[in-house]
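Biologist: I'd like to learn how to read a model like this one, feature by feature. Can we start with the surface?

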Amino acid sequence: MRASLHRLEAGERCWGAECLLHGFGAALLGLCGTASWWLHRALGGAHGPGPLEFAVAALAVAALGLGLAFAFEGPALFRLLPVPGRHFDFTP
């Protein structure tokens with residue numbers, strides 16, 4: 001696992017990791033669509049939203065944000081970015 005992360009941080013191409021991360025993004029977008037559909041069906045009545053509806057709405061928003069990031073960027077999310085010289089050193 002550590003070797004895979006080092007390859008992703010270095011920017012080396014790994015087709016398996018790219019397919020896995022893009023597929024994970026697509027799955028999250030599917031989860032977002034399913035949660036949105038369920039919310040549409042659940043809130044169709046005359047009652048107000050309850051705690052379950054708020055939790056599903058939060059899940060849908062989180063799945064949308066993460067799904068778009070993983071689907072479009074994929075392994076580029078894990079590349080190291082240079083820190084400008086005027087800032088302190090950051091080592092994760």
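Modeller: Sure, and let's begin with what a patch is: patches are made of residues with over 30% relative accessible area and no salt bridge, where like charges are joined within 9 Å and nonpolar side chains (Val, Leu, Ile, Met, Phe, Trp, Tyr) within 5 Å. A salt bridge here is a side-chain nitrogen of Lys or Arg within 4 Å of a carboxyl oxygen of Asp or Glu. Areas come from the Shrake-Rupley method with a 1.4 Å probe, and for residues only the protein chains shown count as cover.

Biologist: Which residues form a nonpolar patch on the surface?

Modeller: Met1, Leu5, Leu77 and Phe78, which together have about 400 Å² of accessible area. Before we go on: this is a predicted model, with local features needing pLDDT of at least 70, side-chain atom pairs counting only at pLDDT 80 or more, and totals for chains, interfaces and linings using all residues. Residues are numbered from 1 along each chain as its sequence is written, and side-chain values use heavy atoms, leaving out hydrogens and water.

Biologist: How many helices and strands does the protein chain have?

Modeller: Helices (H or I, at least four residues) and strands (E, at least two) are DSSP runs, numbered from the N terminus. Here you get 3 helices and 0 strands, running α-α-α from the N terminus on. Back in the patch, Leu77 sits in the segment after α3 (51–72).

Biologist: Is Leu77 buried or exposed?

Modeller: The classes are buried (under 20% relative accessible area), exposed (over 50%) and partly exposed in between, with a 1.4 Å probe and protein chains only. Leu77, at 38%, is partly exposed. Over the whole protein chain, buried residues make up 21% of the 92 residues. The chain's accessible surface comes to about 7000 Å², and 70% of that belongs to carbon and sulfur atoms.

Biologist: Next, aromatics. How many aromatic pairs does the structure hold?

Modeller: Rings of Phe, Tyr and Trp (its six-membered ring) pair if their centres lie within 6.5 Å; planes under 30 degrees apart count as stacked, over 60 as edge-to-face and the rest as tilted. This structure holds 1 such pair. The ring centres of Phe24 and Phe70 are 5.1 Å apart with planes at 80 degrees, so the pair is edge-to-face. The pair links distant parts of the chain, with Phe24 in helix α2 (residues 15–42) and Phe70 in helix α3. They are 46 residues apart in sequence, yet 6.9 Å apart C-alpha to C-alpha.

Biologist: And what does Phe70 touch, beyond residues up to four places away in sequence?

Modeller: Contact means heavy atoms within 4.5 Å. Phe70 touches Leu21, His22, Phe24, Gly25, Leu28, Leu77 and Phe78, so two members of our patch, Leu77 and Phe78, turn up again in that list. Phe70 counts as buried at 13%, while Phe24 is partly exposed at 42%. For the chain overall, residues 24 or more positions apart account for 69% of the contacts with a separation of 6 or more.

Biologist: What about Glu18: buried or exposed?

Modeller: Glu18, in helix α2, counts as buried at 13%. Leaving out residues up to four places away in sequence, Glu18 touches Arg13 and Pro75.

Biologist: Last one: how many disulfides does the structure hold?

Modeller: A disulfide is a covalent bond between the sulfur atoms of two cysteines. The test is a pair of cysteine sulfur atoms within 2.5 Å, and the structure holds 0. Cys19 is exposed at 56%, whereas Cys32 is buried at 10%.
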